[in-house]
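Here is a short report on one protein model with a ligand. Keep the sequence and the 3D view open while reading.

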Amino acid sequence: MNLSKILIGLLLITMNVNAQYEKRANPDDYTTPVLKAIAYGLTAPSPHNTQSWYLDTISDTEMLMYVKHVLPETDPPARQIMMGAGCFIELMNVGMSQEGYETNVDYLPQGDFQIIANKISDKPIAKITFVKNDNVKKDVLYDYIYQRGTNRKPYRGKMITQSEFENIKTLMGDYHSQLQFFTGEKQMQPYLNIFSKAMEIETRTKSTNEETRQKFRFSEKELKEKKDGISLQQMGYEGFILKIATKQMNNGDSLTWHGEKTFKATMKGINKGIYSSKGLIFFKTKTNTKLDWIKSGRDYSRFNIAIAKFGIVTHPYNQVIQEYPEMEGLQKKFKTLSKVTDSEKIQMIVRVGRAKISYKSWRKEVEDYIMD
Ligand SMILES: Cc1cc2nc3c(=O)[nH]c(=O)nc-3n(C[C@H](O)[C@H](O)[C@H](O)COP(=O)(O)O)c2cc1C
């Protein structure tokens, strides 16, 4: 290999490394284990990209984790917020394995806790301790952390096969929830119709639709300033279509957002995505406790990293399992169809497939998650 090829190779590697830290902290910029761990954790997914993660760093190797109830309309029990906390814990676990640390988690260390609308949980949801251990091996998922994301574009190509699903589960390793897989139009169709209807309910219900407006960011400038929330860019819009749709949004004007024209345009885009699904996966737990929520969040983030290795992308569709009154009727139908008993809970529903790379969502700075 001649010198110019080596130099080009090195340049490409550097560009790739820089790109992975675009919009995300670089763990190498921090020296203490807790701060490095937060830099890994913040790459995690969270509902509406709320990043509801609050950390009390009690020493260089220990932290207490709290959450804030930021989506009381679509997520009254804060179940999905807690799943997001589980995602954060798992990303820390995978990242810190590369640094030679074991991540020990003591769940609900001060017992059950209350979390009332817009308040930070009164007790920690976990105590996390990092222990240096020469026997810790790099997690098999480590190399894919920065490739994970949510991809809401229409999916194309072949259906995801049972053997692809088995490969994903093998790479994930141990998990707490039971993963159910559906593929092929016949199996998926009744579910897809329910997901589309559930989205209609969420968008037609003023309180839940308004909550989404509050979390929506209407320009690249606003995204860069707030570094959270969701946007047209994250919905898969780009180029000319993004420009037109941004204009139609009228900078988040309430009448426009709740109007019939926006409803129709939203559902058109949503249905394009839903009906292009190449497989569905449900994460089900036998009970529905706070521990189930955190642990199935950990499962989801492992799944979300693992698929990156296989060039598969994913998009959650959780509306029908959300716990607010307007969804109850459809949720009953969904439970009957999916044969879920009263004690069980489907914690997460995702579509899977193959698609073009999507817009990378923002994250706040490490310091923003640390409690005073
Ligand atoms: C518990 C949980 C539930 C989610 N539910 C949905 C959902 O119903 N619809 C959706 O489009 N995205 C959903 N997401 C994805 C988030 O919106 C996404 O993770 C966040 O915007 C950050 O983007 P990223 O995953 O690309 O990093 C969910 C994520 C989590 C962790």
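## Basis

Helices (H or I, at least four residues) and strands (E, at least two) are DSSP runs, numbered from the N terminus. This is a predicted model: local features need pLDDT of at least 70, side-chain atom pairs count only at pLDDT 80 or more, and totals for chains, interfaces and linings use all residues. Residue numbers start from 1 along each chain, as its sequence is written.

## Ligand shell

Which element gives the largest share of the shell around the ligand? Helix H3 does, with four residues. A residue is near the ligand if its C-beta atom, placed from the backbone, lies within 6 Å of it. The ligand has 19 residues around it, and the closest are Pro45, Asn49, Thr150, Pro316 and Asn318. Two elements, helix H3 (79-98) and strand S7 (313-316), give two or more residues to this shell.

By class, the shell holds seven nonpolar, eleven polar and one charged residue. Ala, Val, Leu, Ile, Met, Phe, Trp, Tyr, Cys and Pro count as nonpolar; Asp, Glu, Lys and Arg count as charged; the others, Gly among them, count as polar. Domain 1 (28-147) and domain 2 (162-353) each supply at least three residues to the shell.

## Two domains

The assignment splits the chain into domain 1 (28-147) and domain 2 (162-353). Such bounds come from an automatic or database domain assignment. The domain centres, taken over C-alpha atoms, are 22 Å apart. In the contact between them, domain 1 places 32 residues and domain 2 places 31 residues. Contact here means that the C-beta atoms of two residues, placed from the backbone, lie within 7 Å.

H3 gives twelve residues to the side of domain 1 that touches domain 2, the largest share. That side has 19 nonpolar, nine polar and four charged residues.

## Gln80 in H3

Gln80 lies in helix H3. Is Gln80 buried or exposed? Gln80 counts as buried because 25 C-beta neighbours lie inside 10 Å. The cut-offs are 20 or more other C-beta atoms within 10 Å for buried, 12 or fewer for exposed, and in between for partly exposed, with C-beta atoms placed from the backbone.

Leaving out residues up to four places away in sequence, Gln80 touches Pro47, Leu71, Asp75 and Asn318. Asn318 is also among the closest residues to the ligand. Between the C-alpha atoms of Gln80 and Met348 there are 8.7 Å, although the two are 268 residues apart along the chain.

## A four-stranded sheet

Four strands form an open sheet in the order S1-S2-S4-S3, with antiparallel pairing. Strand S1 (54-59) and strand S3 (101-107) are the edges, each pairing on one side only. From one strand to the next, the twist averages 25°. Axes for such angles are lines fitted to C-alpha atoms, for helices over the stretch in contact, and angles run from 0 to 180 degrees between N-to-C directions.

Strands count as paired if DSSP finds at least two bridges between them. S1 and strand S2 (residues 62-66) run antiparallel and are joined by five bridges. Thr57 stands opposite Met63 in S2.

## Positive phi

Most residues other than glycine have a negative phi. Ala78 has a positive phi, near 65°. Ala78 sits in the loop between S2 and H3. Ala78 is buried, with 26 other C-beta atoms within 10 Å.

Lys23 also has a positive phi, near 70°. Its place is in the loop between helix H1 (3-20) and helix H2 (33-41). Lys23 counts as partly exposed, with 15 C-beta neighbours inside 10 Å.
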